Amino acid sequence: MTAASNNLAARLRHLRLPRVCVAVTASDANALLEKAEAIVRDNPFLELRLDYLSRPGLALPKIKQFTEYHPQAVLVATCRRPPSGGRFKGSIASQLDILWRAAAAGCQLTDLELQSAVRSEPEALDRLRSAAALILSYHDFHATKNLEETLKKMVAIPADFYKVVTTANTLYDNVEMMKFIERNSDRYSLIGLCMGEQGLISRVLGLRAGSIFTFAAVSEDEKTAPGQVTARELHSTYRIEHVDAPTRIYGVAGDPVAHSLSPAVMNAALRRETVNGVYLLLHAKTLKDLLACIRDIPIHGLSVTMPYKEKIISHLDNTDAHTTKIGACNTVVRAQDGKLYGFNTDTAGVVRPLQLRLELENAKVLVLGAGGAARAAVFGLKERDAEVSILNRTPGPAQKLARSARARTIKRADLQKLFFDVIVNATPVGMGNSRESPLNQNEIRARYVFDMVYDPVETRLLKLAKAAGAQVIPGLEMFVHQAARQFEIWTGKPAPLAEMLSVVTKVLAEREALRQAAENKKH
Ligand code: NAP
């Protein structure tokens, strides 16, 4: 290590690098620096992707100006070549030259991939490293494997930081990455994370394992790596600055799970109640992978969704009597003894909004559907002495549920003769569209209609119910109340209901606006 690079590394340690480096891309130099200008106040740590520029050399005088105006900014210059996911098609010598000139223009760090470094002269690397701290990087776009062997190859080349970025194909790949960082971060300054939809865990928890920083995108449309999260999400949803060793980890697990509202709602609730916790999206393609991940991270609380609500029960240490009866668990908590306990909070999601409006004892309730959510509703309502009827597309499951819950079944043809205090839709009909309804208007004879479907907020069923003179309860109330009960089980604190409701409403309104915009574009 040269004296100059020693000084640089020491200076950077002194600088205490921010925890999130935001990757900035543009196709020309003006746009690149304009973008950097727009975000530097909130994000002083920026990676300038020079390889996205058609002529990277033209950006260098502008970078110099930028660094003079923003002495607080910490800049990484990257000019990656195609084999490592970059766009720079020039020679390795010209790649090193651009990085060196970017350092001379004021970038405090440069990022050079291992593949280029092994083909460079040691003197050229030394020259680069005298001008700026060097991040030696390695990318695997297919898998997370051979981490130790890769690091061994990397540390043969002197650098200030070693960055290992792989692809998570399972949730457990994140655990492998974090164990790797923990094992090696005493000896080397490491940056480690997994790309891909399943890599979120390592993007948020990698810092806690010892990664010096992590990467984020400027916006949804400007991601430079698969699975990258935006800087706004990392800061405001996941509160990455506060994730430390005592931070409790929560998450929602399912397949698919990408559109879950839970991370937005639960992280807002944790923040509002100042709980040191973070809630993650866990795309589990198998239950085995999920269970291994819960054990080794370890996860303190889990929301369980399709298709694992039933299957997870036999893997838990215990479930309460109500959950055992329903046969579906949507909430797992790790107790102080390390054991996993299962609960079903969908029942609270149905019962609580109804109790705010009417007396359930002897209330006549019709439940449409006989799946997991219907079971939670039927048992919960029966426990509160409601008179429950069940109507399902397929009669068999309805009869089975009615027998086990001591409820009754009805036929669709009977609907026009009957009047209910409440009709609850526990089928997915009407989800994601405003055309479908499980009932026609003339079949809706009730004081209240409660639709478990929450997207769109006002479903076709609820529109028809209003027209039929009923009061309506949207599915987002169920969503918020079941989530609130989970929050109480995990933290022992009352949930900030108003905050949770406002976050869900906002996210659903944004989704509706996007859907409308897409519809308008089609026509
Ligand atoms: P599930 O176990 O798959 O059960 C689905 C039920 O709906 C079954 O009884 C099924 O009848 C019936 N069904 C499905 N497609 C139908 C159709 N085209 N026409 C008529 N009936 C149909 O699902 P689940 O977990 O119970 O969830 C049901 C709904 O509740 C979903 O939309 C889910 O998103 C929603 N939910 C909302 C919340 C919330 O927080 N708001 C919480 C939990 C669930 P068959 O027996 O004939 O197949």
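Is Tyr279 buried or exposed, and what is its relative accessible area? The model used in these exercises is predicted.

**Exercise 1. Place Tyr279 and describe its ring partner.**

Step 1. Take the accessibility of Tyr279. Its relative accessible area is 0%. Buried means under 20%, so Tyr279 is buried.

Step 2. Look at the ring of Trp490. The centres of the Tyr279 and Trp490 rings are 6.1 Å apart, and the planes stand at 40 degrees. Stacked needs planes under 30 degrees apart, and edge-to-face needs over 60. The pair is therefore tilted.

Step 3. Locate both residues in the chain. Tyr279 belongs to strand 10 (residues 277-283), and Trp490 to helix 18 (residues 475-491). They are 211 residues apart, so the pair links distant parts of the chain.

Step 4. Check the partner. Trp490 has a relative accessible area of 5%, so Trp490 is buried too.

**Exercise 2. Classify the pair Phe45 and Phe213, then find the cluster around it.**

Step 1. Start from the whole structure. A search finds 6 aromatic pairs.

Step 2. Take the geometry of one of them. Phe45 and Phe213 lie 4.8 Å apart, centre to centre, with 70 degrees between the planes. Over 60 degrees counts as edge-to-face, and that is the class of this pair.

Step 3. Place the residues. Phe45 is in strand 2 (residues 45-49). Phe213 is in the loop between helix 9 (200-209) and strand 8 (214-217). The two are 168 residues apart.

Step 4. Test burial. Phe45 counts as buried, at 0% relative accessibility. Phe213 is buried as well, with a relative accessible area of 0%.

Step 5. Extend the network. Ring pairs join Phe45, Phe213 and Phe215 into a cluster.

**Exercise 3. Describe how helix 11 packs against helix 19.**

Step 1. Choose the descriptors. Two packed helices are described by the angle between their axes and the distance between the axes.

Step 2. Apply them. Helix 11 (residues 262-272) and helix 19 (residues 497-522) pack at about 145 degrees, with axes 9 Å apart. The crossing is right-handed.

Step 3. List the contacts. Helix 11 contributes Ala264, Val265, Met266, Ala268, Ala269 and Arg272. Helix 19 contributes Glu499, Met500, Val503, Val504 and Val507.

Step 4. Sort by class. The contact has 9 nonpolar, no polar and 2 charged residues.

**Exercise 4. Which arginines lie over the rings of Tyr52 and Trp100?**

Step 1. For Tyr52, the answer is Arg87: its charged end sits over the ring, 3.9 Å from the centre.

Step 2. For Trp100, the answer is Arg127, which lies over the face at 3.9 Å from the ring centre.

Key
Residues are numbered from 1 along each chain as its sequence is written. This is a predicted model: local features need pLDDT of at least 70, side-chain atom pairs count only at pLDDT 80 or more; totals for chains, interfaces and linings use all residues. Side-chain values use heavy atoms; hydrogens and water are left out. Axes are lines fitted to C-alpha atoms, for helices over the stretch in contact, and angles run from 0 to 180 degrees between N-to-C directions. Helices (H or I, at least four residues) and strands (E, at least two) are DSSP runs, numbered from the N terminus. A crossing is left-handed if the near helix is turned anticlockwise from the far one by less than a right angle, and right-handed if clockwise. Contact means heavy atoms within 4.5 Å. Ala, Val, Leu, Ile, Met, Phe, Trp, Tyr, Cys and Pro count as nonpolar, Asp, Glu, Lys and Arg as charged, and the others, Gly among them, as polar. Rings of Phe, Tyr and Trp (its six-membered ring) pair if their centres lie within 6.5 Å; planes under 30 degrees apart count as stacked, over 60 as edge-to-face and the rest as tilted. Buried means under 20% relative accessible area, exposed over 50%, partly exposed in between (1.4 Å probe, protein chains only). A charge sits over a ring if NZ of Lys or CZ of Arg is within 6 Å of the ring centre and within 35 degrees of the ring normal.
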